[in-house]
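Work through the exercises below with the structure open. Try each task before reading its solution.

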Amino acid sequence: MFNKEYRVALLTIAHKEIRRFLRIWVQTLLPSVITTSLYFLIFGTLIGSRIGKMNGYDYMEFIVPGLILMTVISNAYANVVSSFYGTKFQHNIEEMLVAPIPPWVILTGYISGGVFRGLIVGLLVTVVSMFFSDLQVANPLMMLLVFLLTGILFSTAGFINAVYAQSFDDISIVPTFVLTPLIYLGGVFYSIDMLPSFWQKLSMLNPVFYIINVFRYSILGESDISVVSGFAVILVFIVGLVLFSLRLLSKGVGIKN
Amino acid sequence: MNALEIKQLTKCYGGGLRALKGVDLQVKQGDFFALLGANGAGKSTTIGIIASLVNKTSGSVRVFGHDLDAEPEAVKRCIGLVPQEFNFNQFENVFDIVVSQAGYYGIPRKQALQRAEICLKQLELWDKRGVASRTLSGGMKRRLMIARALVHEPKLLILDEPTAGVDIEIRRSMWAFFKEINAAGTTIILTTHYLEEAESLCKHIAIIDKGEVIESTDMKTLLEQADEESLVLSLDRPVASMPEIAGCRMSRVDDSTWLVSVQKQTGLNVLFAGLDGAGITVTGMRNQSNRLEQLFLNLLDGKRS
C-alpha cells in the first residue's frame, strides 16, 4: 500500500506545502504571534488581573492554553484551505490528478503542510506566552500530541472547505462564520461551569471545546471534561472528516468534471 | 500493441450536455495521431478522460493494454499531458515545477533533478530555470508544459493545442522537436486548430464532431480524397480576363492575381499549357488554403447536412 513511489510523491507534496508557507512567513507565521501577544497583553495582563481566579488559576494562566490552541486551529485550517483552493483556482491540481498518486497521498501531503504550520505557530506562541505568564507544562508529550491531532483535524476541515469552494469568498466564509464562533464558544476565555445548563449541553456538541480542554489538561493538569472522552471525540471527528475527504477526492468532487 | 484503444466512450455533463456519444478510437504504438474537430466537438473531453481529468460516463479506455478503470495508475504512468491552458503554479519557478512533477510520478529527487535538467535543456528553458513561471513569454510557457509532461518519460504524449498563440519560428522548432521524440518511439496524439500542423506532423487522423468520430484514417488516404487544388497565381502584368481551360475555374482577386481551382484529374500541366498559349506569364504561385483544411470543412459540412 505504501510503496516507494507513494513515499516520494507524499514527500514532494509535503515539501512543496511547507516551502510555500515558509516562503511567505510574514503572511503566515507572524500575524498569529502578534495577535496572540495582544490577547495576552489585553485579556491576560490588563483585564485578567481584574477578573481574578478561574477554576483556581490566574485568568492569564487559564486562557493561555486556549489561545495557543486557537492559533494552531486557525493556522492549520488556513494553510490547507488557501493552498488547496489556490491549486484548484490555478488548475495546477491537474499536475497531481494526471500522476499516479492515490487520494490518500494527496490528502496526507496537504495535511502535513497544515500540521507543520500549526505546530510552528503553536510553538512560537507558546514561547511568547512565557513572557506573559509563568507557564509550566504538566505533560509536554500530551501537549505535542494535541498539537498534532488538532492540526490534522482542522487541516482536513480546511481541505473539505477548499474542495467545495467556488470563489475566494467561500474560503473566508467558513473561518469567519463557523470556525471563529466555535473557537470563542469552545471555552478559550471561560470555564463551561460558568454557563447556564442549556449552553453547557450545547457546548458539548462543539469539537473545539474538547480539544481546548484536553490541551488545557496537558498544560495545567486541569480540564472541564474527562481527558479520555476528549481524545475519543477528537479521534472520531478526525476519522469522520478524513474518510469524507478521501471520498471527495476519489469521486473528484470540485476538482474533476 | 495499440497505444490507445477507446471503445464506446460517452460523457454526459451535469445539465444534460452529451459531450461524447460513443467515441471509438485506436492509436497504434509509435503513431503521430491527429485528433481534429471544431471548438466544442469533444476533443478536450476525450483527452481529459484519457488523462484522468474528467470522469467518463461509460465506455472503456485502454492505454498500452492497461484498463483505465482497473489500473488507473499504470495508465497514468504511460501518459504525459500538455494541456491547452497554462496550468502550472504561476508563483513557482520553472525548475521547481518540473522537479515536483517528477516527484508526483514517484521519481526520487536526485533522478528528478537530472531529468528536469535534461528536459529543460531540450526545450531551451535551462537559462530560465530560476525565474517565476508567470514571467515567461507565451511560447516559453508552452515549452515549460512540454518539459513537465516529458519528465517521467511517458510512452504516450498528448498535446492539446501545444502551439496555440506561438509565433511561427517557435512553432517550427516545436514541430521538429515533436518529430524527434516521435522518431525516438514516443506515441503522440495531437489536437490543433492549425491544420497545416496536423498535415505536416501526423500519420493518422481522426475527426470528431459533436461528440462522434466522423472520420478516422491515415493522413495519405484522407488527403487523396481532395479532388481539387486551389492555387493563387501572381501574373507578370494585369490581365482583364483569363482563357477558358477545361477542368479549371478562374476567379479574379485583382488584375494581376487570380485564384484557380484545378481538378485533380486535370493536372497542372494543362493549366500552365493553357496560360502559356494565351501569352500569360505566371511569376508566383501558392496554395490558397491547406488541403486538409478544405477536407476538414467538407467533412463537417457533409456530416451536418
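The exercises cover a sheet, a chain contact, two backbone angles and the nonpolar cores.

This is a predicted model, in which local features need pLDDT of at least 70, side-chain atom pairs count only at pLDDT 80 or more, and totals for chains, interfaces and linings use all residues. Residues are numbered from 1 along each chain as its sequence is written, while chains are lettered from A and ligands numbered from 1 in the order in which they are written.

**Exercise 1.** Trace the order of the 4 strands in the open sheet of chain B.

Solution. Strands (E, at least two residues) and helices (H or I, at least four) are DSSP runs, numbered from the N terminus. Two strands pair if DSSP finds at least two bridges between them.
- The order is S2-S1-S4-S5 in chain B, with antiparallel pairing.
- Strand S2 (18–28) and strand S5 (66–67) of chain B are the edges, each pairing on one side only.
- Between S1 (residues 2–12) and S4 (residues 58–63) of chain B there are 5 bridges.
- B:Leu4 faces B:Val63 of S4(B).

**Exercise 2.** Find what chain B brings to its contact with chain A.

Solution. Residues are in contact if their C-beta atoms, placed from the backbone, lie within 7 Å.
- Chain B gives 26 residues and chain A gives 21.
- On the chain B side, H2 (72–78), S6 (79–82) and H3 (94–104) each supply at least two residues.
- H3(B) gives the most, with 4 residues.

**Exercise 3.** Locate B:Phe64 and B:Glu124, then check their phi angles.

Solution. Most residues other than glycine have a negative phi.
- B:Phe64 sits in the loop between S4 and S5 of chain B. Its phi is positive, near 45 degrees.
- B:Glu124 sits in the loop between H4 (109–122) and H5 (138–150) of chain B. Its phi is also positive, about 55 degrees.
- B:Phe64 counts as partly exposed because it has 18 C-beta neighbours inside 10 Å. Buried means 20 or more, exposed means 12 or fewer, and partly exposed lies in between, with C-beta atoms placed from the backbone.

**Exercise 4.** Why does the largest nonpolar core lie between two domains of chain B?

Solution. A nonpolar core is a set of buried Ala, Val, Leu, Ile, Met, Phe, Trp, Tyr and Cys residues joined through C-beta atoms within 7 Å.
- The largest has 146 residues, and B:Ile79, B:Val98, B:Ala147 and B:Ile158 touch the most other members.
- Helix H4 (residues 59–89) of chain A gives the most, with 18 residues.
- Domain 1 (2–223) and domain 2 (227–304) of chain B both give residues, so the core lies between them. Domain bounds come from an automatic or database domain assignment.

Technical notes:
Contact = placed C-beta atoms within 7 Å.
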